[in-house]
Amino acid sequence: MSVAFSKALNRSVTGHMNDFVYHAKCCFSEGGLLPEGCAQRLNQIPLLDRDFIYPREGFQSLGL
């Protein structure tokens, strides 16, 4: 298995990723959620500097 590193777009992207890691750890350790439940919970956290859009809406707007 290989690992690749890249630069983040800006500091807010890094901050959002850190927030998601923190919330995911809480979902698994304190909430006892399965990965599917944790993913649903993470999709309900709005991105504050992106006009309060949710992660799912942000990815859908990319058109991928």
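Mentor: Before we start, a disulfide here is a pair of cysteine sulfur atoms within 2.5 Å. Keep in mind that this is a predicted model, where local features need pLDDT of at least 70, side-chain atom pairs count only at pLDDT 80 or more, and totals for chains, interfaces and linings use all residues. Residues are numbered from 1 along each chain as its sequence is written, and side-chain values use heavy atoms, with hydrogens and water left out.

Trainee: Okay, how many disulfides does the structure hold?

Mentor: Zero.

Trainee: Why does C38 have no bond to C27?

Mentor: The C27 sulfur is the closest cysteine sulfur to that of C38, but at 3.4 Å it's too far for a bond.

Trainee: And C26, how far is its sulfur from the closest cysteine sulfur?

Mentor: 7.2 Å, again with C27 as the partner, and that is too far for a bond as well.

Trainee: Is C38 buried or exposed?

Mentor: Buried, with a relative accessible area of 3%. The cut-offs are under 20% for buried, over 50% for exposed, and partly exposed in between, using a 1.4 Å probe and protein chains only.

Trainee: Which residues make up the largest nonpolar core?

Mentor: Six residues: C38 together with F20, A24, C27, L42 and L47. Helices α1 (11–29) and α2 each give two or more residues to this core, and α1 gives the most, with three. By nonpolar core I mean buried Ala, Val, Leu, Ile, Met, Phe, Trp, Tyr and Cys residues joined through side-chain atoms within 4.5 Å.

Trainee: What is L47 in contact with?

Mentor: Skipping its neighbours within four places in sequence, L47 is in contact with H16, F20, F52, I53 and P55. Contact means heavy atoms within 4.5 Å.

Trainee: Next door, where is P46 found?

Mentor: P46 is in the loop between α2 and α3. P46 is partly exposed, at 29% relative accessible area, and its contacts beyond four places in sequence are F52, I53 and Y54. From P46 to E57, 11 residues along the chain, the C-alpha atoms are separated by 9.8 Å.

Trainee: Zooming out, how many helices and strands does the protein chain have?

Mentor: Three helices and zero strands. Those are DSSP runs, H or I of at least four residues for helices and E of at least two for strands, numbered from the N terminus.

Trainee: Which helix has the lowest mean pLDDT?

Mentor: Among the elements, α3 (residues 55–62) is lowest at 74, while α2 (residues 35–42) is highest at 88. Chain-wide, the mean is 81, with 89% of residues reaching 70 or more. pLDDT is the predictor's confidence in each residue, from 0 to 100.

Trainee: What share of the 64 residues is buried?

Mentor: 14%.
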